[in-house]
Amino acid sequence: MQSLTIIRPDDWHLHLRDGAVLARTVADTAAQFNRAMIMPNLSPPVVDTAMAIAYKARLDAQNTSLTPLMTLYLTDHTSAQEIQLAFDSGIVKAVKLYPAGATTNSAAGVTNIENIYPAIEKLEELGMPLLVHGEVTHSHVDIFDREKGFIDQQLAPLLQRFPKLKCVFEHITTSEAAQFVTGASDLVAATITPQHLLYNRNDMLVGGIKTHLYCLPVLKRNTHQQALQQAVSTSNTKFFLGTDSAPHAQGAKESACGCAGCYSSPAAIELYAQAFESFDALDKLEAFASLNGPDFYGLARNSETITLTRRSWQVPSSLSFGNELIIPLGAGETLNWKMEA
């Protein structure tokens, strides 16, 4: 196969940040994707509908073709009334649960899941999706076990209590998560990132720590990587593309306390193509990237197409990022597929 044409994909889990860097992040995303589900963990976080509308205006001001789909950041104090306002706005498409302290800018997140039961009940009533960062944050739980702990301690009980809740388990990283989603109702789906398909913890740790592969949830052992590859190699419509592209300037990533996140937007679809080809599943890429997500969210599939051509090229070693530089995922690596302009 020398070329592959697919329906234009969407990114169902994306961080764009704010301010001057939007010129980079929005343009990189718009070059490949039609729509993107925008994460709300800014500083300060997007905790109400008015903030989401204002943030969308800043994204739209970049004058690209990207359609941003906005989310709200759940806190212990998010009310059912705010959920209703968000739904009625037509701007906010989902609500994001960050356990407090789980990842970047999550300090204002939820400290006890029971605190948000009124908001969850309203989401269930409206059919509005809950997006979850699925990790427990207890200090005694090993970082490699935090996703499984979240499933057992929080997600499974939550979905049992609210069986009609529409839920996306974001950026899953383990065999347990893939099994859980597969066995759950049709109201439960999951996104998977390019880094968790392409790399495992050996890639991050062997021969010296690779700070630009550090993300949360952290890369797991190769058996979990293989379980994710198997999940997307099937025709299971519950799994779809969500890059979790999370930009941080080079200095912030390479500091003594490096930030968590991989910036994959500039080569996202090529990275996914590289991954799918590596486990002989290129014929499943279009469903994963372009069909399963809009179908789950009840949105129309895109009408445009993109074409990937087989040719070797190198991911840039760095890119401009406001007044600084950013190191993209796969920097300096040779990829086999290139999206045609």
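**Exercise 1. Find the residue that lies over the face of Trp-313, and the one that lies over the face of Phe-144.**

Solution. Lys-338 lies over the face of Trp-313, at 3.7 Å from the ring centre. A charge counts as sitting over a ring if NZ of Lys or CZ of Arg is within 6 Å of the ring centre and within 35 degrees of the ring normal. Over the face of Phe-144 lies Arg-201, at 4.7 Å from the ring centre.

The model is predicted, so local features need pLDDT of at least 70 and side-chain atom pairs count only at pLDDT 80 or more, while totals for chains, interfaces and linings use all residues. Residues are numbered from 1 along each chain as its sequence is written, and side-chain values use heavy atoms, with hydrogens and water left out.

**Exercise 2. Classify the ring pair formed by Phe-240 and Tyr-297, and say which parts of the chain the pair ties together.**

Solution. Begin with the rule: rings of Phe, Tyr and Trp (its six-membered ring) pair if their centres lie within 6.5 Å, and planes under 30 degrees apart count as stacked, over 60 as edge-to-face and the rest as tilted. By this rule the count comes to 10 aromatic pairs. One of them joins Phe-150 and Phe-169, which is tilted, with 6.3 Å centre to centre and 45° between the planes. For Phe-240 and Tyr-297 the centres are 6.2 Å apart and the planes stand at 65°, so the pair is edge-to-face. Next, place the residues, using DSSP runs numbered from the N terminus (helices: H or I, at least four residues; strands: E, at least two). Phe-240 lies in strand S9 (residues 239-241) and Tyr-297 in helix H12 (residues 285-297), so the pair ties together parts that are 57 residues apart in sequence. Finally, Trp-12, Phe-240, Phe-296 and Tyr-297 form one aromatic cluster.

**Exercise 3. Check the length of H12, and find where H12 bends.**

Solution. The expected span is 1.5 Å times one less than the number of residues. The 13 residues of H12 should therefore span 18 Å, and the end C-alpha atoms are 19 Å apart, which agrees. A bend is the angle between axes fitted to the seven residues ending at a residue and the seven starting there; H12 bends by about 40° at Leu-291, and Pro-294 follows within four residues. As for burial (buried is under 20% relative accessible area, exposed over 50%, partly exposed in between, with a 1.4 Å probe and protein chains only), H12 is mostly covered, with 10 of its 13 residues buried. After H12 comes Gly-298, whose phi is positive, near 70°.
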